[in-house]
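Work through the two exercises below with the sequence and the structure in view, and try each task before reading its solution.

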Amino acid sequence: MARRTFVVDGVSFSVDAASPGLHIVATPIGNLGDITVRALKTLAGVDMVAAEDTRHTGRLLQHFGIEAHLVRYDEHGAAAQRPRLLADLAEGRSVALVSDAGTPLISDPGYRLVREAREAGAAVHAVPGPAAPMAAASVAGLPTDSLLFAGFLPARQTGRIERIRELMTVPATLVFFEAPHRLAEALADLAAVLGPREAAVARELTKRFETVERAPLPDLAARYAAEPAKGEIVILVTPPAATGPLDEAEVDALLAAAIEKLPVSAAAADVAKATGLNRRDLYKRALALKS
Ligand code: SAM
């Protein structure tokens, strides 16, 4: 049986066995010092730890001197791995679910496991902690009273523009994950559809090269087109109301993005719905832009 201990700064702590059920445990998004005491107690106290990448989590556990029975629970094998975990839960075992970084289920595996564990009557416990969207929102300096976490934008431009258009009227700060090699194109599409809204790019949070840049979307798009980004990235975009009434250039940007995909009348109707502006005026302007 595992020793049920963890070590912080050379000091060893013994913990009780974790209660039966599924424990959803957040882990650091960079800085190992961000792990919570409860996460350590849980990881040291459970019968098994289900991890997206057992080698990656193995290193985290080793850092804290935790001996755990590691099993895999990843996106590709989840359907095959789930029945075994549900059987363990049904037999009264305690299972911790972790992802490579941050909070499981937040653009990470675990949704079906949590759902089916609950349906089977198992206890499901949150052991909250780091999550990149919240860390980014807390330092970006953009409005945070209402946030919409939208995960990753589609990789292909057509799908990406469509998704941004769906979100353009949402009265909340939008929060996206993005891969560094797609950052410039994502910012360009965000600028084309949303106009010069203020936005932020939060990179490598809690790590050595953490940076947060805040600027209008077109400026960020130009900056990252000129100098590609590295590392892990969260993009945040202010809600439409925060930028005040739209100016002509913003309306043109919205229309231009819309007529790329739609007939002129539908584009005008869409932008009218999104902005509350007069549809006939928008139609005339869209025709002029098209020609
Ligand atoms: N579940 C994780 C969480 O709670 O943060 C997110 C997992 S998602 C697969 C990974 C994405 O989160 C990365 O591509 C990046 O967009 C974002 N991310 C993770 N760590 C980050 C960090 N330290 N700084 C900025 N973004 C980060």
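The domain bounds used here come from an automatic or database domain assignment. The model itself is predicted.

**Exercise 1.** Describe the lining of the largest pocket, stating which domains and which secondary-structure elements contribute to it.

*Solution.* Begin with the space itself, which amounts to about 480 Å³ in the largest pocket. Next, turn to the lining, which consists of 26 residues, with A101, A132, F152, F177 and E232 lying nearest the centre of the pocket. Sorting these lining residues by class gives 14 nonpolar, four polar and eight charged residues. Then consider the domains: domain 1 (5-130) and domain 2 (133-237) each provide at least three residues of the lining. Finally, look at the helices and strands, where at least two lining residues come from each of α5 (132-140), β9 (173-178), β10 (198-203) and β12 (233-237).

**Exercise 2.** Find the residues that surround the ligand, and then work out which polar atoms of I29, E232 and I233 lie beside which ligand atoms.

*Solution.* Start with the surroundings, where 20 residues are found around the ligand, the closest being T103, D108, A132, L205 and I233. Now take the contacts one at a time, beginning with I233, which has a backbone N or O atom 2.6 Å from an oxygen atom of the ligand. For I29, a polar backbone atom is 3.0 Å from a nitrogen atom of the ligand. In E232 it is the side chain that takes part, with an N or O atom 3.4 Å from a ligand nitrogen atom. As a last step, consider the surface of the ligand, which exposes 580 Å² when taken alone, and of which the protein buries 90%.

Technical notes
Residues are numbered from 1 along each chain as its sequence is written. This is a predicted model: local features need pLDDT of at least 70, side-chain atom pairs count only at pLDDT 80 or more; totals for chains, interfaces and linings use all residues. Side-chain values use heavy atoms; hydrogens and water are left out. On a 1 Å grid over the protein atoms alone, a cavity is a set of points where a 1.4 Å probe fits but cannot get out, and a pocket is an open set with protein on both sides within 12 Å along at least five of seven lines; lining residues have an atom within 4 Å of a point. Grid points are joined across faces, edges and corners, and a volume is the space filled by probe spheres set on the points. Helices (H or I, at least four residues) and strands (E, at least two) are DSSP runs, numbered from the N terminus. Ala, Val, Leu, Ile, Met, Phe, Trp, Tyr, Cys and Pro count as nonpolar, Asp, Glu, Lys and Arg as charged, and the others, Gly among them, as polar. A residue is near a molecule or strand if one of its heavy atoms lies within 4 Å of it. A polar contact is a pair of N or O atoms within 3.5 Å; within protein, one must be able to donate a hydrogen and the other to accept it, and residues adjacent in sequence count only if both atoms are side-chain atoms. Accessible areas come from the Shrake-Rupley method with a 1.4 Å probe; for residues, only the protein chains shown count as cover.
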